[in-house]
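Reader: I would like a close look at a single part of this structure, with the side-chain pairings there set out carefully and with the cut-offs behind each term. Please treat it as one connected account.

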Amino acid sequence: MRGSSDYLTDVHYNPTRPKNTLDVYIPREPARTMYSNSYRENPEGKRSLRPVIVFIYGGAWSSGSKLIYTLVGARLRSMGYVVVVPDYSIYPEGKVKDMEQDVKLAIQWAHRNCNDFGGDPQQIHLMGHSAGAHLCALTVLNDSIKRIPASLIGSSPAAISTSPILNTLLSERVEQEGDILPRLRGMILCSGVYDIGEHYKHESMRGVEEISAMGRVMGNSEATFRLNSPTNILQELLHVSTRIDRNYPTESQTRHQNMLRNLRLLLPMEILVIHGDHDSTVPARSSSDFFMELKTLQLGPGAKLRIIRGMEHQEPVVSLMPCFGLKAPFRKPLLAEIRQFVDSDRIFKNVRRDRGY
């Protein structure tokens, strides 16, 4: 582990995979207040804590390194955020469950330790690009579903037996408090894959399905593709939950509403889904279909979709890298989206505090 006042590198976060480490980017100044460009403590004399972003990079589940995304971490740090960028188990060293566990442990590490770097454990945002966006969505969704009381899932006590996905997830239920994720303030998903089966068809159409590691990472079967697809998981959860059982008509509706209420309390408070309509690597439909399933959870304004005209697959991360010169037409709108999304709760709190509420 190495570091200075504004960064910390090669921090171990997973004792079972010591090669996987993370880097922390630490803003130099105290947190900024809403009405001033200067930095100061809040009126109570307490240190103002900053939002935290845990960034999960992409790379088709088989490549990538936190070193490549140093400039992304530095850019987000310059916006006033504590940033955590972990390496995770990529194929062939790991498959999807290993990756999911790494993402979960990185979030838990950030929650336990961010206060040491001026970060707010109540303001943790998870951000991912491409395969990283898939892992973010899968990790958070699986953790949330496993924590819903089994009595609330399905329109009747027997309904859950009809769902292979839910049967598998609930067989892995979280029993210990230390195994669960903290409630995330937000999740930003960029250019992500959310339906593995549909993306495999897209890869086949492009002639890259054998070159791509995705099929092998996800289990190489239709059943495991569905099991690791956030869109399919939500579809099956809602199908099992909304189907009215003739023997339990009133109970079916009550269970469904209670399930939605529980799931909303476990998922991130806000979710921002970003995709470019010129993305030929992962079509924008991946995000729009996933977003439609999110909307059925009745998240209201807590779920947002941004399809950005003219943007290609790599733009969400390339635009955050200052070294890529002047030709970054999506830098300004992307930075604005991120800042508005991450700072929204901090601004609200500052308004209430400064007005004496």
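Author: What follows looks at helix α1 and the aromatic and charged side chains that meet around it.

This is a predicted model, in which local features need a pLDDT of at least 70, side-chain atom pairs count only at pLDDT 80 or more, and totals for chains, interfaces and linings use all residues. Residues are numbered from 1 along each chain as its sequence is written, and side-chain values use heavy atoms, with hydrogens and water left out.

The mean pLDDT of the protein chain (pLDDT being the predictor's confidence in each residue, from 0 to 100) is 86, and 82% of the residues reach 70 or more. Over residues 32–43, however, the pLDDT is below 50, although this stretch has 27 contacts (heavy atoms within 4.5 Å) in the model beyond near neighbours in sequence. Where pLDDT is low, the predicted coordinates should not be read in detail.

Helices (H or I, at least four residues) and strands (E, at least two) are DSSP runs, numbered from the N terminus. In α1, the residues V72, G73, R75, L76 and R77 are buried, where buried means under 20% relative accessible area, exposed over 50% and partly exposed in between, with a 1.4 Å probe and protein chains only. Just after α1, G80 takes a positive phi of about 100°.

The aromatic side chains come next. Rings of Phe, Tyr and Trp (its six-membered ring) pair if their centres lie within 6.5 Å, and planes under 30 degrees apart count as stacked, over 60 as edge-to-face and the rest as tilted. The structure holds 6 aromatic pairs. In one of these, the ring centres of F55 and Y69 are 5.7 Å apart and the planes stand at 50°, so this pair is tilted. F55 belongs to strand β4 (residues 50–56) and Y69 to the loop between β4 and α1 (70–78), so the pair ties together parts that are 14 residues apart in sequence. F55 is buried at 1% relative accessibility, and Y69 is buried at 9%. Y69 also pairs with Y57, and because their ring centres are 5.2 Å apart with the planes at 0°, this pair is stacked. Both Y57 and Y69 are in the loop between β4 and α1, 12 residues apart, and Y57 is likewise buried, at 1% relative accessibility. F55, Y57, Y69 and Y88 form one aromatic cluster.

The charged side chains bring in helix α1 itself. A salt bridge is a side-chain nitrogen of Lys or Arg within 4 Å of a carboxyl oxygen of Asp or Glu, and by this rule the count comes to 16. R28 and D6 meet in one of them, at 2.8 Å from N to O. R28 is in the loop between β3 (21–25) and β4, and D6 in the loop between β1 (2–3) and β2 (7–12), so the pair ties together parts that are 22 residues apart in sequence. R28 is exposed, with a relative accessible area of 67%, whereas D6 is buried at 8%. R77 forms a salt bridge with D6 as well, the closest N and O atoms being 3.9 Å apart. Since R77 lies in helix α1 and D6 in the loop between β1 and β2, this pair ties together parts that are 71 residues apart in sequence. Through shared partners, salt bridges join D6, R28 and R77 into one network.
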